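Me: Could you take a close look at one part of this model for me and talk me through it in a connected way? I work at the bench, so please spell out any cut-offs as you go.

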2 protein chains.
Amino acid sequence: MCTTEDKIIDAAIVLFSQKGYTAVTTKEIAKEAGVSEMTLFRHFENKHNLFERAFDRFVFTPKFIALFENLEWNLERDLFNICSSYQDVLRKNQKIILMHLKNDEFNPQFEKMLLKFPNEFKNLLSSYFEEMRNRGVIVENPETLAVSFLATNFGLFFTSLVMSKLTFNTDLQTCISNYVKIFTKGISLQK
Amino acid sequence: MCTTEDKIIDAAIVLFSQKGYTAVTTKEIAKEAGVSEMTLFRHFENKHNLFERAFDRFVFTPKFIALFENLEWNLERDLFNICSSYQDVLRKNQKIILMHLKNDEFNPQFEKMLLKFPNEFKNLLSSYFEEMRNRGVIVENPETLAVSFLATNFGLFFTSLVMSKLTFNTDLQTCISNYVKIFTKGISLQK
DNA sequence: GAATAATGTTAGTTATTACTAACATATGTA
DNA sequence: TACATATGTTAGTAATAACTAACATTATTC
């Protein structure tokens with residue numbers, strides 16, 4: 001089904017995201033991958049190299065721009081689509097994000113790549129809100145709205161990650177549509 | 001100014017929250033504290049014990065209940081106060097939270113303690129929204145609102161932590177009041 | 001079926017880490 | 001001054017981690 005390298009990379013990303021780079025041993029990764037430790041080194045030379053390969057393999061680079069090309073210019077529907085898509089990006093990058101959280105300042109180059117996403121997304125969101133303001137749909141400051149929207153999205157994502165450990169009775173999907181509805185109503189100009 | 005134990009605990013919490021338990025060495029902590037490694041072991045016996053002491057010392061146990069005793073039953077003002085206070089709790093527990101994020105599944109006992117906060121807070125919030133619904137101020141599901149509010153709060157907190165690394169022009173305070181305003185308007189029954 | 005490549009196994013090296021023992025120094029107190 | 005206590009220093013131990021070398025075994029290909 002999949003190559004030896006794939007098995008090792010898969011095992012590495014799982015363990016790195018669970019415990020962090022330092023706390024995981026190469027022996028552990030090899031065992032999880034079902035290969036001998038020697039095979040790991042033969043393929044990846046050293047642990048750090050394996051980390052880089054795992055990062056490159058698992059980082060999901062989204063095309064945010066596409067999200068903003070199919071707009072309906074209906075506030076609630078647009079925001080719901082954007083929110084869902086962003087949640088999807090976060091979920092797809094879940095392991096990378098967790099891995100990074102557990103290895104702060106470990107490698108600035110990866111951090112830079114990961115920070116590109118929210119920055120780019122914020123700018124696109126900001127432009128969207130600006131256009132909506134020009135159209136007279138909203139009045140709030142576009143940048144502030146974008147940051148707020150982004151922060152909430154991350155909060156929802158993270159909450160859903162630990163949700164199983166909490167005594168919450170609400171699922172993520174309900175939360176998202178509810179949030180978008182409220183947010184939309186909250187920023188819409190009343191007629 | 002402060003005792004040797006204090007200096008060591010302070011150094012420990014800083015390093016643990018930056019790099020995680022495993023990635024930090026006792027030698028490193030001793031150096032950061034400006035004492036010899038031997039002194040560290042004389043006071044704390046072993047690394048894990050130091051971790052526990054640091055946790056106990058730095059965990060800030062909030063009295064959420066007090067937050068809900070001085071309510072004005074004005075949606076926006078109440079939510080603003082609650083939000084600000086919760087942000088304060090998160091900030092005060094910042095190092096503990098980061099330390100925990102970097103040591104997932106490290107110690108279930110600490111995780112349980114940390115999860116108590118959002119659970120308790122959610123229940124109180126939920127009751128608040130329920131009462132507001134009874135008063136005819138809002139119509140939404142109280143639990144959903146509470147989870148959404150909580151998630152956003154965490155998102156705002158976390159965003160503010162990494163804000164300096166992002167190209168955002170909006171500060172946390174602006175974001176909070178803006179969010180509360182929008183949220184309030186979004187859930188209020190229009191007359 | 002032979003040659004080649006990929007993997008396993010085992011033993012070992014080097015560096016590091018948590019942690020200890022023993023002794024030296026400083027610092028404050030009776 | 002004398003004594004006790006806190007700290008520093010140095011050396012060392014046991015365990016573990018990353019990583020290598022050498023050889024055995026299996027799988028793949030021609």
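Reply: Let's start with a helix pair in chain B: helix H4 (residues 47-58) and helix H8 (residues 108-134) pack at an angle of about 10 degrees, with their axes 12 Å apart. Helices (DSSP runs of H or I, at least four residues) and strands (runs of E, at least two) are numbered from the N terminus. An axis is a line fitted to C-alpha atoms, for helices over the stretch in contact, and angles run from 0 to 180 degrees between N-to-C directions. H4(B) is therefore roughly parallel to H8(B), a label for angles under 35 degrees, while over 145 is roughly antiparallel, 65 to 115 roughly perpendicular and the rest oblique. H4(B) brings Phe51(B), Glu52(B) and Phe55(B) to the contact, and H8(B) brings Phe110(B), Met113(B) and Leu114(B); contact here means heavy atoms within 4.5 Å. By class, this contact has 5 nonpolar residues, no polar ones and 1 charged. Ala, Val, Leu, Ile, Met, Phe, Trp, Tyr, Cys and Pro count as nonpolar, Asp, Glu, Lys and Arg as charged, and the others, Gly among them, as polar.

Please keep in mind that this is a predicted model, where local features need pLDDT of at least 70, side-chain atom pairs count only at pLDDT 80 or more, and totals for chains, interfaces and linings use all residues. Residues are numbered from 1 along each chain as its sequence is written, chains are lettered from A and ligands numbered from 1 in the order in which they are written, and side-chain values use heavy atoms, with hydrogens and water left out.

Now for chain A. Its C-alpha trace spans about 70 × 35 × 35 Å along the principal axes, and the chain has 10 helices and 0 strands. The UniProt annotation "domain: HTH tetR-type", from an unreviewed entry, covers residues 2-62 of chain A. That span is 72% helix and 0% strand, and its end C-alpha atoms lie 25 Å apart. A "DNA-binding region" annotation, also from an unreviewed UniProt entry, covers residues 25-44 of chain A; its end C-alpha atoms are 14 Å apart, and the span is 80% helix and 0% strand. UniProt positions are given in the numbering used here, feature names are shortened, and annotations may be inferred rather than shown by experiment.

Next, look at helix H2 (residues 26-33) of chain A, which packs with H3(A) at an angle of about 100 degrees, the axes being 8 Å apart. The two helices, H2(A) and H3(A), are therefore roughly perpendicular to each other. Thr26(A), Lys27(A), Ile29(A) and Ala30(A) of H2(A) meet Glu37(A), Leu40(A) and Phe41(A) of H3(A). This contact of H2(A) with H3(A) divides into 4 nonpolar, 1 polar and 2 charged residues.

That brings us to the DNA. Of the 17 residues around DNA strand C, Thr4(A), Thr39(A), Arg42(A), His43(A) and Lys47(B) come nearest; a residue is near a strand if one of its heavy atoms lies within 4 Å of it. Sugar and phosphate account for 56% of the atoms of DNA strand C that come within 4 Å of the protein. Arg42(A) has a polar side-chain atom 2.6 Å from a base nitrogen of strand C, whereas His43(A) places a side-chain N or O atom 2.6 Å from a phosphate oxygen of strand C. From the other chain, a backbone N or O atom of Lys47(B) lies 2.7 Å from a phosphate oxygen of DNA strand C. Helix H3 (37-44) of chain A and helix H3 (37-44) of chain B are the elements that give two or more residues to the surface near strand C, and H3(A) gives the most, with 4 residues. The residues of that surface divide into 5 nonpolar, 8 polar and 4 charged.

Around DNA strand D there are 17 residues, of which Lys47(A), Thr4(B), Thr39(B), Arg42(B) and His43(B) come nearest. Here a polar side-chain atom of His43(B) lies 2.6 Å from a phosphate oxygen of strand D, and a polar backbone atom of Ser36(B) is 2.9 Å from a phosphate oxygen of strand D. Chain A takes part through Val24(A), with a backbone N or O atom 3.5 Å from a phosphate oxygen of DNA strand D. H3(B) gives the most to the surface near strand D, with 4 residues.

Key
Polar contact = N/O pair within 3.5 Å; in protein donor to acceptor, adjacent residues only side chain to side chain.
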